[in-house]
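Me: I am new to this structure and would like a close look at a single part of it. Please take one stretch that a database record singles out, and tell me what surrounds it.

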Amino acid sequence: MAFITYILLAGMALGIQKRFSPEVLGMCASTAFVWMVIEVLALLLGLYLATVQSDLGTFDLLAYCGYKYVGMILTVVGGLVFGLNGYYISLAWASCSLMYFMVSMAMFRAIQMTFDDFKAQSLPLSAQPTSQGCCAGEGGGGRKERRLGR
């Protein structure tokens with residue numbers, strides 16, 4: 001949705017500047033689509049070469065790559081409404097917010113995958129918690145504590 005909005009907004013910006021033609025709109029859409037495909041393929045290749053075990057599929061990466069169009073829309077609107085200064089301010093803000101979002105989502109996915117891997121692995125028998133209280137018969141105030149048997 002943001003992809004199509006960006007294409008239409010770019011066409012509108014070109015129309016305001018008196019440089020619009022239907023060919024330019026098609027060229028803008030084709031170029032943006034090809035760059036998105038190249039970006040997804042580069043991410044897939046990078047994940048493969050780094051041997052990262054991830055459950056991110058191609059469509060997940062495509063969705064993450066699509067978030068950049070929201071920032072691009074904001075930047076174009078900022079440039080149209082507030083001029084060159086608005087363009088640069090909205091570009092800086094959109095870039096920083098997109099970077100923060102991508103890093104936090106990557107960290108979230110990495111932590112989630114690490115936790116799932118930890119849950120999937122069984123602990124060795126010597127590291128299993130015992131079912132007895134640690135201070136049986138020593139007057140622990142009725143509180144039962146568990147500790148790892150060693």
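Reply: Happy to help. Let us begin with residues 61-82: the C-alpha atoms at the two ends of this span are 33 Å apart, and the span is 95% helix and 0% strand. Helices and strands here are DSSP runs, with H or I over at least four residues for a helix and E over at least two for a strand, numbered from the N terminus. Please keep in mind that this is a predicted model, in which local features need pLDDT of at least 70 and side-chain atom pairs count only at pLDDT 80 or more, while totals for chains, interfaces and linings use all residues. Residues are numbered from 1 along each chain as its sequence is written, and side-chain values use heavy atoms, with hydrogens and water left out.

The span comes from a record: UniProt, in an unreviewed entry, lists residues 31-49, 61-82 and 88-111 under "transmembrane region". Those positions are given in the numbering used here, feature names are shortened, and such annotations may be inferred rather than shown by experiment. Another of the listed stretches, residues 31-49, is 100% helix and 0% strand, with its end C-alpha atoms 27 Å apart.

For orientation, the protein has 4 helices and 0 strands, and its elements run α-α-α-α from the N terminus on. Of its 150 residues, 18% count as buried. Buried means under 20% relative accessible area, exposed means over 50%, and partly exposed lies in between, using a 1.4 Å probe and protein chains only.

Now to the neighbours of the span. Met 36, which sits in helix H2, touches Leu 62, Cys 65, Gly 66, Lys 68 and Tyr 69, leaving aside residues up to four places away in sequence. Touching, or contact, means heavy atoms within 4.5 Å. Met 36 has a relative accessible area of 10%, so it counts as buried. The C-alpha atom of Met 36 is also 9.9 Å from that of Phe 3, although 33 residues separate the two along the chain.

Lys 68 has a second partner in this story. The structure holds 1 salt bridge, a term for a side-chain nitrogen of Lys or Arg within 4 Å of a carboxyl oxygen of Asp or Glu. It joins Glu 39 and Lys 68, whose closest N and O atoms are 2.6 Å apart. The bridge links distant parts of the chain, since Glu 39 is in helix H2 and Lys 68 in helix H4, 29 residues apart. Side chains of opposite charge can pair when their charged atoms come close. Glu 39 is partly exposed because its relative accessible area is 31%.

Tyr 69 leads to the aromatic rings. A pair of aromatic rings is described by the distance of the centres and the angle of the planes. Rings of Phe, Tyr and Trp (its six-membered ring) pair if their centres lie within 6.5 Å; planes under 30 degrees apart are stacked, over 60 edge-to-face, and the rest tilted. The whole structure contains 5 aromatic pairs. One of them, Tyr 6 with Tyr 69, is tilted, at 5.7 Å centre to centre and 40 degrees between the planes. This pair too links distant parts of the chain: Tyr 6 is in helix H1 (residues 2-16) and Tyr 69 in helix H4 (residues 68-120), 63 residues apart. Tyr 6 and Tyr 69 are both buried, and together with Phe 3 they form one aromatic cluster.

Just before the span, Asp 60 lies in helix H3 (residues 58-66). Asp 60 is partly exposed, with a relative accessible area of 34%. Its C-alpha atom is 9.6 Å from that of Val 40, and the two are 20 residues apart in sequence.

To sum up, Met 36 of helix H2 touches residues including Leu 62 and Tyr 69, Glu 39 bridges to Lys 68, and Tyr 6 pairs with Tyr 69.
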